[in-house]
Amino acid sequence: MTKCFYITTPIYYVNARPHLGHMYTTITADVVRRFRRISGMETFFLTGTDEHGDKIVKAAQKNALEPSVYADRISGMFRNLWPELNVEYDRFIRTTDPAHIAVVLKVLQAIHEAGDIYFSQYEGLYCFDCERFYTERELTDGKCPDHGTPPETIRESNYFFKMSRYQDWLIDHIKTHPEMIQPERYRNEVLSFLREPLEDLCISRPKSRLNWGITLPFDENYVTYVWFDALINYISGPGYPDGELFNKFWPCANHIIAKDILKPHGIYWPIMLKAAGLPVYQHLYVHGYWNIDDSKMSKSIGNVVDPLYLTSAYGTDAIRYFLMREMVFGLDSNFSEDALRQRINSDLANDLGNLFSRILTMVHKYCGAAAPDVDPDVRTGKRADLMEPARTAIGDYCTAMENLENHKALSAVWNFISVMNKYVVINTPWELAKTDNGRARLNEVMYNLLEGLRIISGLLWPVMPKTADKIRKILGLPETGLYVTLEQINTWGGIAPGTAVGQPIALFPRIDKTDAPDARKADGDAALAKNTSDANPATTSSTTGIPDTVAPISIKSEITFDDVAKLDLRVATVVAAEKIPKADRLLKLCVDLGMETRNIVAGIAESYTPEEMVGRQVVIVANLKPAKLRGVASQGMLLAAVSDKGAAVITTEKSTAPGTIVK
């Protein structure tokens, strides 16, 4: 029977737009889910947004919006972001969904009828930013540990959940299920907190000060405390109580959270489940914080990283790789663009990219652009040089991935990449190709290298799905665009001799400029709203930012939008360039268009050398009818600004995925 795996992120609070922390948690969940899929499991992945409470009302008021309108807007940002990051969730839940509200009411009513909710007057220290009461021992120098502000003493009547009744049960459950909260330091943190008497949880807010919430089913004058509402999403999402998905996946539930919400997930939630008569989740995986240039990420100091800008600047797969490789799960980590660029240049461009390009180039040069024919013992693994190192890498990778040690899993893959690079150097295919006697050995070496690339592509799929699919397509593998299984990855001989191999491409062009885009500068709507007021005041209108005077130029006849729409403009990366003999103005460029490469002849040789063009991102007309120039086929046209000073190639301001449409 197929095993099931249910993974969740926290549902993100919509008082602010998505940032790097949300990005890391969600990509981690996606990577874990993808790994479980290739392991043969049936999976369900839930994410969403938490939309009730005081902070949402305040944020909406600040933006002059109704809470429902504001929640729709920010929730939409989260929902739209995840596909951009290659995150494939099964359901996106909102706490304003009617189905979720119905489940919250059902759980509240059941716990109330069981006698675990009571009404009482309470005076306590309340942080309005956290929307929760604090005890004296939880404060830091008398202030909220998260916001650094002193809480206010408030006295009001509310409903309380008898958490204290379940304290001994929870301690025993955690101790008898030590794998429940991971890493171990966070299990110890929860147990340390539980050494003190556990206070009952206030689970309501009077409508006299808060209307934006779910009305209690047993008192219409109160709304539900936001945490009691939000945590229930994990069961309402798959369809509690009678849904087929709930019955299948809740017994194998796993939550991923950041350490700042450990207490609600490690204490409130399991007790709520126990009181409702439900089994507790299997695992709670807790990760640390991302600091920005060694400072805690904070909107107030302006160092919050915008995920969309970050991926548009450096590429989605590169960002996914960096986040998984850089952070040790459970510990804090530092984000800086210098570290990101170093990872891209060292790990992706140099190690992986150069190995891939090197092998493909040799296959084209020495093997007729196809997987070579080899002795059956080489293909079946009885006599395969790289099979054992590959299986070692696969074993280390799987062990690490099962424990959410993604950095170790990727380290295992890169160790195998290093083995393959050394294998090339030791076996010198270029020397073997010089003699007929070396042909059989050359074929063995090249087949081993192609199989190594196939295995690498499979292991990379959970972390870098687009890159993995691109590699597999060029290797001529039929699984392109689909996930593969660990069994397939671990079976030597997946590439059939004679399989046509595509042209080598630059998987990850190096980022050499020190002035690469700063991901922190585009913070939300402010970046989109930026106008032309920065323009030179001497040449622009003081009111519009539009130049007051324009030099007369000759414009061609007007065309319609339909004429423009016929042009298919694409971003392409130049992976190779050479001069065309007896043509002083022409260069032959090989460009990567994402899932294919093309040759383009461009009249820029008087302005650029071939070496200057390699790695450069350009814009081409992709649907221009092919033509021959000086006997060389050209499959498109390069865009450039041309003046009496020469040609200036049109390029992108920041790194962009090859094949991206230009509008």
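Helix H5 (residues 167-176) and helix H6 (residues 184-193), helices being DSSP runs of H or I of at least four residues numbered from the N terminus, pack at an angle of about 160° with their axes 10 Å apart, where axes are lines fitted to C-alpha atoms over the stretch in contact and angles run from 0 to 180 degrees between N-to-C directions. That angle makes H5 roughly antiparallel to H6, a term applied to angles over 145 degrees. Ile-171, Ile-174 and Lys-175 in H5 meet Arg-187, Val-190 and Leu-191 in H6, contact meaning heavy atoms within 4.5 Å.

The model is predicted, with local features requiring pLDDT of at least 70 and side-chain atom pairs pLDDT 80 or more, whereas totals for chains, interfaces and linings use all residues. Residues are numbered from 1 along each chain as its sequence is written, and side-chain values use heavy atoms, without hydrogens and water.

The largest nonpolar core (buried Ala, Val, Leu, Ile, Met, Phe, Trp, Tyr and Cys residues joined through side-chain atoms within 4.5 Å) has 179 residues, and its largest share, 13 residues, comes from helix H13 (residues 337-366). Leu-323, among the residues with the most contacts inside this core, touches Leu-20, Met-23, Tyr-24, Ile-27 and Trp-290, residues up to four places away in sequence not being counted.

His-287 lies in strand E14 (residues 283-287), a strand being a DSSP run of E of at least two residues, and counts as buried because its relative accessibility is 3%, the limit being under 20% relative accessible area with a 1.4 Å probe and protein chains only.

Terms used: Buried < 20%, exposed > 50% of the residue type's maximum accessible area, 1.4 Å probe, protein only. Parallel < 35°, antiparallel > 145°, perpendicular 65-115°, else oblique.
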